[in-house]
Amino acid sequence: MNLLTVENISKSYGELVLFSNLSFGINKDQKIALIAKNGSGKTSILNIISGKDRSETGQVVSRKGIKISFLEQEPYLNPNLTIEETILSTENETLSVIATYEKAVLDPENTEAYQKAFEAMERLNAWDFETQYKQILFKLHLNQLDQKVSELSGGQKKRLALANALLNKPELLILDEPTNHLDLEMIEWLEAYFSKENITLFMVTHDRYFLERVCNEIIELDNNQLYSYKGNYSYYLREKEARAEREAVEQHKTKLLFKKELDWMRRQPKARTTKSKSRIDDFMQIKKKAHQRRQEHQVQLELNMERLGSKILELHNVSKTYGEKTILDKLDYSFTKGERVGIIGQNGTGKSTFLNIITQKELPDGGKVVVGDTIKFGYYTQKGISIKEGQKVIDVIREFGDYIPLKKGKQISAQQLLERFLFDRKKQYDFVEKLSGGERKRLYLCTVLIQNPNFLILDEPTNDLDIVTLNVLESFLLDFPGCLVVVSHDRYFMDKIVDHLFVFKGSGSIDDFPGNYSDYRAYETSKTTAEREAKNSEGEKTVKTSWKEKDSTRKLSYLEQKEHKQLEKEIQKLEKQKEVLQNKFVDPDLDGDTIAQLSIELKELSDSIETKTERWFELSAILEG
């Protein structure tokens, strides 16, 4: 069933044409991702199909009565409301049904209105709306329901807007970088949620594992042409490579034809026939195709940075607290040559503070940080770069350096580095204020790299970067011979770049895990659940305080009693399935892909058990009351 059709849409800003005459459709149950370079107009496309902006040509046609929700990169929320008030003040169909039902209860003589309202409550499962929104807010770490929106960080506001979008249960959900500002635990929960929900998605995201596990179709916008791939990210990569090979063959044939036609053109007399003119027109088309260049770059560099000495970076009993919150607790660690460390952990556990301390932008409360004499830091922070008014792209990078030295006396100039990071010569002389958010991040990366550091620190470098740029950055980092420390929520990026992890667990606890992110998740999910099971058997688990106080006089309805008994059976069945799945991890012959797939299945199973268990405890509390 077609939900929405896009017909010949276009967008430009003055002489800058983002895209023109694009057409595609969105059908029910599709989970589509739009992939394109930064500055190609991805966000503009989302704004147009969501109705937030208008196309200069064509139209967007949606099915009558369709419910659409749009999660923007920078959503607007009323700053005067609390988190809970924000949820309850939205134009949510469920809230409208609840209000109608409450009104019908006050007029018991109008049985028809009551029956209609009751059926609407049943259809939307509105009885549990409070539990639903609190569970989602809890998963998104928005636990202080009375906290004002004005007090929230940008990331918290994005998560609150995401909760609103999910609770609206739209037929079509449009998402602009949904995983930005989410920690790894939240991203995996969101993956599992989208995988099991019957919801149609159209999104822009740079998270390649998210693309792999959620999407069933990818649309690529490349040189104002749309290419559709009916599969996930792995399928897209295979088919894109095959398409590139076909295009290379066609390009070679075109060049041969061009040479042949060029010889013919040179032999022609000045007086031409109508037939000759037609052939000349064809020749001009062939010439255009033959000289078409693709702006794709592969980084293969031998960097000649300053040599790392025997002493690189040492932390001795380093401690840091903010009030009663402990960030680092007597941390000891010495970095070695060529070390590549990934840092993961929930938001607020001190990852960015750790980076500021090792670069001596912040001082520890106790202990000391010793930096080797030859160390030259390159620090990419989340704050980005401050731009002077009227600056051009090339001027910005030249403030930090003119070239990077390579081995054998070669060098890569500032212009060449910008080209490698997808700024062509024309773009290099654009004013910086014309750049998109992702392009500014790309430029900022170049300003860090042009300084030729031998100890590179990247704090969330993948946010707002397109997939093409991510591939370029990964290639550069794989060639980087110095020390590398990366904080990122991009699991695909971490798997490709780092050798081991610092896992920040909060309260100053940091684990050094000898592997990449997928290794860590496989290890975590294969752990025994004995603690939780023991806790349950001892009756320590209680009803979550996030539920509202129940009326002690309330009794379970007939349907709730049936649900309570059914949940017991379902939980037992799921626990057995989980035990069988966990036993599969014991097989020493499992490859990485199988482990990753089993981990996803185990996560989904655990989430289902948790949800059903919470509901069982809620009903039990009423039954025992």
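This note goes through two sheet regions, two helices and the cysteines of a predicted model.

1. The six-stranded sheet. An open sheet with mixed pairing is built from 6 strands in the order β5-β6-β7-β3-β8-β9. Its edges are β5 (68-71) and β9 (225-229); each has a single partner strand, so one side of each lacks a neighbour in the sheet. On average, neighbouring strands of this sheet are turned by 15° against each other, direction ignored.

2. Pairing of β3 with β8. Within that order β3 stands beside β8. Strand β3 (residues 31-35) pairs in the parallel sense with strand β8 (residues 217-222), and 4 bridges link them. One point of register can be checked directly: L34 has I219 as its bridge partner in β8.

3. Helix α6 over the sheet. Helix α6 (residues 154-167) lies across β5 and β6 (172-176). The direction of α6 is at about 170° to that of β5. Strand β5 is also one of the edge strands of the sheet.

4. Strand β17 and its partners. Strand β17 (residues 455-459) runs parallel to strand β14 (residues 377-380), with 4 bridges joining the two. It also runs parallel to strand β18 (residues 483-487), here with 5 bridges. For the register, G378 has L456 as its bridge partner in β17, and I457 has V485 as its bridge partner in β18.

5. Burial of β17. Which residues of β17 are buried on each side? F455, I457 and D459 are buried on one side, and L456 and L458 on the other, so both faces are covered. In a regular strand, side chains alternate between the two faces of the sheet. The count for the strand is 5 buried residues of 5. A reader may wish to look at D459, which is among the buried residues.

6. The crossover from β17 to β18. Helix α16 (residues 467-479) joins with β17 and β18 in a β-α-β unit, and this unit is right-handed. The two strands of the unit are parallel.

7. Helix α18. In helix α18 (residues 517-525), the buried residues are Y517, Y520, A522 and T525. At the start of α18, a side-chain oxygen of N516 comes to within 3.3 Å of the backbone nitrogen of S518.

8. Cysteines. How many disulfides does a search of the whole structure find? The search finds 0. Two cysteines can be noted for their burial: C215 is buried, at a relative accessible area of 5%, and C446 is buried, at 0% relative accessibility.

Methods: Residues numbered from 1 in each chain as written. Predicted model: local features only at pLDDT ≥ 70, side-chain atom pairs only at ≥ 80, totals over all residues. Heavy atoms only, no water. Buried < 20%, exposed > 50% of the residue type's maximum accessible area, 1.4 Å probe, protein only. Pairing = 2+ DSSP bridges. Right-handed = clockwise from strand over helix to strand, strands pointing away. Disulfide = S-S within 2.5 Å. Polar contact = N/O pair within 3.5 Å; in protein donor to acceptor, adjacent residues only side chain to side chain. Axes fitted to C-alpha atoms, helices over the stretch in contact; angles between N-to-C directions. Contact = heavy atoms within 4.5 Å.
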